[in-house]
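Me: Could you take me through one part of this model closely, and show me which other parts it meets? I am in my first year, so please explain the terms as you go.

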Amino acid sequence: IAASAEWFYPFLERYVSGLNPIADHYLIGGVDFLPRQASLLAEKFPLRSVFLGCLEMDFALFDRYPGRSRVTPGYQSPRGAIWWV
């Protein structure tokens, strides 16, 4: 994930630089950025970061919750999910 996040950062930075002047509130979700990239962006733009995670993640949990959105049939929140704000 770290290598993907480093590779993706220039695209994310450009996206934020274009979106920031025209939107007061926006949400960017994805798996290819980490707190390091959020810190770099925060040095250049006024933003607040929130990262979501799960304390008890393993392959069995992935198998039980295959969807990535609430519209996926059978979606449920994994036990042990936590939100960092």
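Reply: Below is a close look at helix α1 and the residues around it.

This is a predicted model: local features need pLDDT of at least 70, side-chain atom pairs count only at pLDDT 80 or more, and totals for chains, interfaces and linings use all residues. Residues are numbered from 1 along each chain as its sequence is written, and side-chain values use heavy atoms, with hydrogens and water left out.

Let's start with the setting. The chain has three helices and two strands, where helices (H or I, at least four residues) and strands (E, at least two) are DSSP runs numbered from the N terminus. Read from that end, the order is α-α-β-α-β. Of the 85 residues, 20% are buried; buried means under 20% relative accessible area, exposed means over 50%, and partly exposed is in between (1.4 Å probe, protein chains only).

Helix α1 covers residues 2-19. Look for its aromatic rings: Trp 7, Phe 8 and Phe 11 are joined into a cluster by ring pairs. Rings of Phe, Tyr and Trp (its six-membered ring) pair if their centres lie within 6.5 Å; planes under 30 degrees apart count as stacked, over 60 as edge-to-face and the rest as tilted. That rule gives two aromatic pairs. In the pair of Trp 7 and Phe 11, the centres are 5.1 Å apart and the planes stand at 40°, so this pair is tilted. Because Trp 7 and Phe 11 are four residues apart in the helix, about one helical turn separates them. Trp 7 is exposed, at 61% relative accessibility, while Phe 11 is partly exposed at 48%.

Phe 8, also in helix α1, is partly exposed at 26%. Setting aside neighbours within four places in sequence, Phe 8 is in contact with Asp 32 and Phe 33, where contact means heavy atoms within 4.5 Å.

Phe 33 leads us to the largest nonpolar core, made of Tyr 9, Leu 12, Val 16, Phe 33, Leu 41 and Phe 45. Such a core is a set of buried Ala, Val, Leu, Ile, Met, Phe, Trp, Tyr and Cys residues joined through side-chain atoms within 4.5 Å. Helix α1 gives this core its largest share, three residues. In soluble globular proteins, nonpolar side chains tend to be buried together. One core member, Leu 41, touches Tyr 9, Leu 12, Glu 13, Val 16 and Leu 47, not counting residues up to four places away in sequence.

Glu 13 has a charged partner too. Its side chain meets that of Lys 44 in a salt bridge at 2.2 Å, N to O. Lys 44 belongs to helix α2 (residues 35-44) and Glu 13 to helix α1, so the pair ties together parts that are 31 residues apart in sequence. A salt bridge is a side-chain nitrogen of Lys or Arg within 4 Å of a carboxyl oxygen of Asp or Glu, and the count by this rule is one. Lys 44 is exposed, with a relative accessible area of 52%.

Finally, step into the loop between α1 and α2, where you will find Asn 20. The side chain of Asn 20 makes a polar contact with the side chain of Tyr 26 at 3.1 Å. A polar contact is a pair of N or O atoms within 3.5 Å; within protein, one must be able to donate a hydrogen and the other to accept it, and residues adjacent in sequence count only if both atoms are side-chain atoms. Leaving out residues up to four places away in sequence, Asn 20 touches Tyr 26, Phe 45 and Pro 46.
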